[in-house]
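Reader: I have a model open and want to go through it. Can you take my questions one at a time?
Author: Go ahead.

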Amino acid sequence: MDGLLEEFFDLDIIADMFPGLVTEAMKNTLVFTFFSFVGGIVLGMVLALMRLSRSRALRWPAAVYIDVLRGLPALLTIVFIGFGLPIATGIRFPFPTYTPGCLALSLVYGAYMAETLRAGIEAVPPGQMEAARSLGMPHRTAMRRVIVPQAFRIVIPPLTNELLALFKDTSLLAVLGTLAGGKEILKFSRDLVNVRANTSPLVAGGLAYLVITLPMLRLVGRLEARSRPAR
Amino acid sequence: MIIVEGLRKSFGAVEVLRGIDLAVAEREVVCVIGPSGSGKSTLLRCINRLEEPTAGRVVVGGVDVTAPKVDIDKVRTSMGMVFQSFNLFPHKDALGNVTLALETVLRMDRAAAEARGREKLAAVGLEGKERSYPNQLSGGQQQRVAIARALVMKPKVMLFDEVTSALDPELVGEVLGVMRDLADKGMTMVVVTHEMGFAREVADRVVFMDDGVIVEQGPPADVLGSPTHERTQSFLSKVL
Ligand SMILES: Nc1ncnc2c1ncn2[C@@H]1O[C@H](COP(=O)(O)OP(=O)(O)OP(=O)(O)O)[C@@H](O)[C@H]1O
Ligand SMILES: [Mg+2]
């Protein structure tokens, strides 16, 4: 029993992880999450509008992209962007790990968010578009000022869910290797597991995730409950 | 003011409008009545081209709405439409609903738009409700906001599609009152309605539609009082 406790909860080892666990690992996880979420939502919005466009030439490339990226393991995309692309093309990313990592996650999550946003836009009652158009608003204006703001409200719960999934999936970026100071929580913890030959850092890393994810899970639950009676 | 010629509209294989001819003069109030599914809404929606007519022509204020190259957004600013289900923008308060098109379509600045918006809200009896959101308003109030939202564009024509059908009975009067005022002020109006009392008192002309055609039309006293067509008679006997 003592052996187990020491293997998983060695407080000395865990204490040694500070402040790096917060100032480096959690910070980097949040940085990856932030940029990937922003990138993903911008890409997702563009893809969603393309999928809803009246032009086939816009619709089907978006549909193919969304299906392919959702059909691939995120890890494959990350490895492809992080290693495959530089080898194949000679591109050297500025800010290694950060740029390819956020780019890959944006590409993956853009596909997921596109579907969420499209569903949100389609859930806005058609009468809204008609009312806007009947006032003389061009289609684009009606989209921007009437439909999309309502769609965003509808998709706040599922989008928060995706943010949560993205937050956890930044751990996949551990495969990209790192510069000094660039490790996110999983990489940071795992490397310490190797150094200390003890599992406690991984437990501490897990707790670091939970500190963020558990409140977010509660938030998602509340948001979903709140949006239910309205619809 | 409105000329409809040979208007036809099909949804797939179903022809919903089967040749409609209708002319509405300036300042005229035309009430359109008829059984459910007869094509009343579709007719209104073809007039501002929310529906694309299959054949025929619609001319509003001298502009051929059905011409392929027409700037439909521009034409629509001269036509207000009010819907059965209000269709207010739920993310905007009453004033925001009324000013959105002023700002985005007519490019008025915020202050001027709000001044005109407040004035219109007051005109439909909603002074003090500027900052209320649609879900904080009664159905009758919401529908009056919707009317103000259309009127604020200074349209030449107003189209009403069963605007009181979704209202609790005690709220119908306030909306009809606003419409009656509007008619008295000389607005050109096409009103699809089941309110026979309103049609009788306010309409200059009543049009009875059935099965995609205009069966009978004339002064309210004639069409509602002594209809000549059997279909009109049987419809009226059911609603009165
Ligand atoms: N978008 C559409 N697609 C297919 N059919 C439609 C569409 N819109 C209307 N219709 C059909 O056209 C017919 C006429 O509809 P319309 O809404 O114009 O009737 P209405 O006279 O307004 O009836 P109500 O009094 O019920 O509002 C109906 O049979 C309806 O099912
Ligand atoms: Mg109708």
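Author: One term before we start: helices (H or I, at least four residues) and strands (E, at least two) are DSSP runs, numbered from the N terminus.

Reader: How are residues, chains and ligands numbered or lettered?
Author: This is a predicted model, in which local features need pLDDT of at least 70 and side-chain atom pairs count only at pLDDT 80 or more, while totals for chains, interfaces and linings use all residues. Residues are numbered from 1 along each chain as its sequence is written, chains are lettered from A and ligands numbered from 1 in the order in which they are written, and side-chain values use heavy atoms, with hydrogens and water left out.

Reader: How many helices and strands in chain A?
Author: Chain A has 10 helices and 0 strands. Its C-alpha trace spans about 70 × 50 × 25 Å along the principal axes.

Reader: What share of chain A is buried?
Author: Of its 231 residues, 44% count as buried. Buried means under 20% relative accessible area, exposed over 50%, and partly exposed in between (1.4 Å probe, protein chains only).

Reader: Aromatics next. How many aromatic pairs are there?
Author: The whole structure has 5 over all chains. Rings of Phe, Tyr and Trp (its six-membered ring) pair if their centres lie within 6.5 Å; planes under 30 degrees apart count as stacked, over 60 as edge-to-face and the rest as tilted. One of the pairs is A:Phe34 with A:Phe35. Their centres are 5.2 Å apart and their planes stand at 80°, so this pair is edge-to-face. A:Phe35 is partly exposed, at 47% relative accessibility.

Reader: What about A:Tyr109 and A:Tyr112? Which kind of pair is that?
Author: Tilted, with 5.7 Å centre to centre and 45° between the planes.

Reader: Why are they about one helical turn apart?
Author: Because they are 3 residues apart in helix α6 (residues 98-123) of chain A. A:Tyr109 is buried at 4% relative accessibility. A:Tyr112 is partly exposed at 31%.

Reader: What sits over the ring of B:Phe89?
Author: The charged end of B:Arg149, 4.5 Å from the ring centre. The rule is NZ of Lys or CZ of Arg within 6 Å of the ring centre and within 35 degrees of the ring normal.

Reader: Switching to salt bridges. How many?
Author: There are 23 over all chains. Each is a side-chain nitrogen of Lys or Arg within 4 Å of a carboxyl oxygen of Asp or Glu. One of them joins A:Arg51 and A:Glu115, with the closest N and O atoms 3.5 Å apart.

Reader: Where do those two lie in the chain?
Author: A:Arg51 is in helix α3 (residues 20-51) and A:Glu115 in helix α6, 64 residues apart, so the pair links distant parts of the chain. A:Arg51 is partly exposed at 24%, while A:Glu115 is buried at 17%. Both also belong to a salt-bridge network with A:Arg118 and A:Glu122.

Reader: And in chain B, what does B:Arg118 pair with?
Author: B:Glu130, at 3.9 Å, N to O. B:Arg118 lies in helix α4 (residues 110-123) and B:Glu130 in the loop between α4 and α5 (139-151), so the bridge ties together parts 12 residues apart in sequence. B:Arg118 is partly exposed at 36%; B:Glu130 is buried at 10%.

Reader: Which residues form the nonpolar patch?
Author: A:Trp60, A:Val64, A:Val68, A:Leu72, A:Leu76 and A:Phe80, with about 570 Å² of accessible area together. Patches take residues with over 30% relative accessible area and no salt bridge; like charges are joined within 9 Å, nonpolar side chains (Val, Leu, Ile, Met, Phe, Trp, Tyr) within 5 Å. Areas come from the Shrake-Rupley method with a 1.4 Å probe, and for residues only the protein chains shown count as cover.

Reader: Which element gives the most?
Author: α4(A), with 3 residues. A:Phe80 is in helix α5 of chain A and is partly exposed at 47%.

Reader: Last one. How many disulfides?
Author: The count is 0 over all chains, by the rule of two cysteine sulfur atoms within 2.5 Å. For B:Cys31, the nearest cysteine sulfur is that of B:Cys46, 20 Å away. B:Cys31 is buried at 0%, and B:Cys46 is buried at 0%.
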